[in-house]
Each structure stands twice: as structure tokens, then as C-alpha cells.
Amino acid sequence: MPPTQVTVLPRPASDCALSAEDYPEEARRLGLEGVVVLLLSVDETGAIAAARVVEDPGHGFGPAAAAAIRRCRFEPARRSGEAVATDLRFKVRFELP
């Protein structure tokens, strides 16, 4: 269902924090930080059915974000109280400690 037709958008139900292993090696070596924008397809159970990179600063951030987000669970979108599948733009921030 298109996001414009839902009454409640999906939101993370679990901790979606990145671990040190998620950080791209090239970016770490160069001391870079970045933000990746993903287009997520979240099904009616809250599982991520697909993750497509729409904004990628390079240096391995895009593929790393798409892989890391797969372990995150979402509360599904709702339309009139019923859980539905929809798409969602989601930002993943990579920051060095």
C-alpha cells in the first residue's frame, strides 16, 4: 500500500543501532562518516521485505546499511487499525566513535 494511504507509518520495534562490525572498512580507514537513505519495503508483520539504497555517500556505506538494516524489526504500518505492507524512507547514520 502506498505510504500516503496508511494512517500510521512503520517504526522500528527493535534496536536498529549499528555495531562496530557494520562500519565499512574503507570508510573507517579514511576516517569518514556518512548517512545512507534506504527505501524499505516493510510487510504487514513488520519484517523488511526489501531494502534499496537511494542515497549513498560511497566508500561502502550503502551496501553496509542495506545489510545491517535487515536485522531490524518494525512495527507495521496501519490503515484503519489493520496492519498493512508499505514502503518507508529510512536514514542510517554511520558515525565513528
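Histidine 59 is partly exposed in this predicted model. Its relative accessible area is 34%. That value lies between the 20% limit for buried residues and the 50% limit for exposed ones, so the intermediate label applies. Histidine 59 sits in the loop between β3 and α2. Its phi is near 60°, a positive value in a residue other than glycine. Most residues other than glycine have a negative phi.

Serine 80 also has a positive phi, near 55°, and is likewise not a glycine. Serine 80 belongs to the loop between β5 (77-79) and β6 (82-84). Its relative accessibility is 69%, so serine 80 counts as exposed. The cut-off for that label is over 50%.

A further loop residue is arginine 70, found between α2 and β4 (74-75). Arginine 70 counts as partly exposed because its relative accessibility is 45%. Which residues does arginine 70 contact, leaving aside its neighbours within four places in sequence? They are Ile48, Ala49, Ala50 and Ala51. Aspartate 22 lies 48 residues from arginine 70 along the chain. The C-alpha atoms of arginine 70 and aspartate 22 are separated by 12 Å.

These loops belong to a chain with two helices and seven strands. The order along the sequence is β-α-β-β-α-β-β-β-β. The C-alpha atoms fill a box of roughly 50 × 20 × 15 Å, taken along the principal axes. Of the 97 residues in the chain, 34% are buried. Contacts between residues at least 6 apart in sequence were also examined. Of these, 74% join residues at least 24 apart.

Helix α2 is largely enclosed by the rest of the structure, because seven of its nine residues are buried. What are the buried residues of α2? They are Phe61, Gly62, Ala64, Ala65, Ala66, Ala68 and Ile69. Two helical and strand regions early in the chain, α1 (25-30) and β2 (34-42), pack against these buried residues. So do β3 (48-55) and β7. In an α-helix, residues three or four places apart point the same way, because there are 3.6 residues a turn.

The largest pocket has a volume of about 170 Å³. Its lining comprises 13 residues. Cys16, Ala17, Leu18, Val92 and Arg93 are the closest of these to the pocket centre. Two elements give two or more residues to the lining: α2 (61-69) and β7 (86-94). Which element provides the largest share? Strand β7 does, with four residues. Strand β7 thus appears twice in the picture: it packs against the buried residues of α2, and it contributes to the pocket lining. Helix α2 is also among the lining elements.

The accessible surface of the chain comes to about 5700 Å². Carbon and sulfur atoms account for 50% of that surface. The chain carries 12 positive and 14 negative charges. The mean positions of the two sets are 4 Å apart.

Methods: Residues numbered from 1 in each chain as written. Predicted model: local features only at pLDDT ≥ 70, side-chain atom pairs only at ≥ 80, totals over all residues. Heavy atoms only, no water. Buried < 20%, exposed > 50% of the residue type's maximum accessible area, 1.4 Å probe, protein only. Contact = heavy atoms within 4.5 Å. Areas by Shrake-Rupley, 256 points an atom, 1.4 Å probe, with all protein chains shown as cover. Lys, Arg positive; Asp, Glu negative; His and termini not counted. Charge placed at Lys NZ, Arg CZ, Asp CG, Glu CD. 1 Å grid on protein atoms, 1.4 Å probe; cavity = no way out; pocket = protein on both sides within 12 Å on 5 of 7 lines; lining within 4 Å. Points joined across faces, edges and corners; volume = space filled by probe spheres on them.
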